Amino acid sequence: MVTPELSHFALRFVGPDAMHFALEVMLGFMGEFDLIETFFKRPARNATLGVGDDCALWPLSTGQQLAISSDMLVEGRHFLSTVNPRFLGHKALAVNLSDLAACGAEPKAFMLALALPEVNASWLSEFSKGIWDLADAHHCDLIGGDTTRGPLNICITVLGEVPAHLALLRSGAKVGDDIYVSGHLGDARLALEVFRGRLTIPQNVFEQARLRMEMPTPRLALGQALRGIATAAADISDGLLGDLQHILKASHVGADIDTAMVVSTLASGFMCNLPLATQRMLTLSGGDDYELVFTAPEHARADIAGLSVSTHTPITRIGKVNDSQQLRLLDSEGHAMRNEFESFDHFKSD
């Protein structure tokens, strides 16, 4: 017998098998392949073969290279158990798309490996909507993956295309290049500090910061526009200084960073009321920003200013590449500062 409550539950899902699916969920019979069929399968737009076979098939365009990246999100390490599942679906894909942005690649497809402690239809419905909304915005297909029972763990692998020899790498920075960051830094770390009970801020400021932490914006348009202009790039996931160090190490160069210009990237005027040491911590080593840090020659300044307008992305010049092979921090007076800022490390950080 189908109860009114069960009928209402079934109407939330689209498709001829909605009632059958609802019965399976209510009775606890929903399996792995039912889950995939219901939440994560739809016709692929770009792949030769998508979800449903042992492998996906992807055609490569002439003159293009395949860009591939993979990121994992683990509950309690990368996100809180209280996060909105739609936001979590968005972020799971966004952090991977940010890697493609740093390479100057155009997203084409992705694969999802998902470990779940249980099948929760309501949670999965919202989570998948978060993924689909962002995937649709960037014309990116889900073409495969895996699901299993276990502690909540989300791993996405993204596939993108970039013209041969135009990919942005970490190894191309040159002495004399300017150093830039996109967008605003520090918002995500600000929200985390509030969650940890270390800071108290107005509710409206917290909500804005929390949204930046839980729904970052991958800078794909900017990354693609920087092809042929930027000499090196990386996405800021573990903190500006740590991710900039990857560029400096790969390029065998050093840098002078104007910390006052970095602090100026704070989004909220309220944050200017925080102690300067806190502002520096948020922007220099905060992490979870998913902005781009990149280098470019001085003669490209006008081009980069134009890209800021055309991509609707704030871009701030924060320093200069030098031959010291060291990262030097300068205060607002141009004096050297001690670098006491540590970026996130999965095996060292709290």
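In what sense do β6 and β8 pair, and over how many bridges? Keep that question in mind while you get your bearings, and remember throughout that you are looking at a predicted model.

Let's begin with the overall picture. The protein chain contains 12 helices and 11 strands. Of its 350 residues, 51% are buried. If you take the contacts with a separation of 6 or more, 82% of them involve residues 24 or more positions apart.

Now back to the opening question. β6 and β8 pair in the antiparallel sense, over five bridges. To see one residue pair up close, find D235, whose bridge partner in β8 is L292. These two strands belong to an open sheet of seven strands, and its order is β6-β8-β5-β9-β7-β10-β11. The pairing within this sheet is mixed. Follow the order to its two ends and you reach the edge strands, β6 (232–236) and β11 (336–337), each of which pairs on one side only.

Next, let's look at a helix. Helix α5 has 17 residues, and the distance from its first C-alpha to its last is 24 Å, close to the 24 Å expected at 1.5 Å a residue. At its N-terminal end you will find a cap: N120 places a side-chain oxygen 3.2 Å from the backbone nitrogen of S122. Just after the helix comes H139, with a positive phi of about 55°. Many residues of α5 can be named as buried, including A121, L124, S125, G130, I131 and W132.

Two more residues of α5 deserve a visit of their own, and they bring us to aromatic rings. The count of aromatic pairs comes to three. One of them is formed by W123 and F127, which are stacked, with 4.9 Å centre to centre and 15° between the planes. Both residues lie in helix α5 (residues 121–137), and they are four residues apart, about one turn of the helix. W123 and F127 are both buried.

A further stacked pair takes us back to the strands. Y180 and F294 sit 5.1 Å centre to centre, with 15° between the planes. Y180 lies in strand β5 (residues 178–182) and F294 in strand β8 (residues 291–296), so this pair ties together parts that are 114 residues apart in sequence. Y180 is buried, and F294 is buried as well.

Let's move on to E214, which you can find in helix α7 (residues 203–214). Is E214 buried or exposed? Its relative accessible area is 7%, and because residues under 20% count as buried, E214 is buried. Which residues does E214 contact, leaving aside its neighbours within four places in sequence? They are V83, F87 and K91.

Our last stop is a pair of cysteines, treated one at a time. C140 has a relative accessibility of 0%, so it counts as buried. C155 has a relative accessible area of 19%, and it is buried too because that value is under the 20% cut-off. How many disulfides does a search of the whole structure find? The search finds zero.

Methods. Residues numbered from 1 in each chain as written. Predicted model: local features only at pLDDT ≥ 70, side-chain atom pairs only at ≥ 80, totals over all residues. Heavy atoms only, no water. Buried < 20%, exposed > 50% of the residue type's maximum accessible area, 1.4 Å probe, protein only. Contact = heavy atoms within 4.5 Å. Phe/Tyr/Trp six-rings, centres within 6.5 Å; stacked < 30°, edge-to-face > 60°. Expected span 1.5 Å × (residues − 1). Polar contact = N/O pair within 3.5 Å; in protein donor to acceptor, adjacent residues only side chain to side chain. Disulfide = S-S within 2.5 Å. Pairing = 2+ DSSP bridges.
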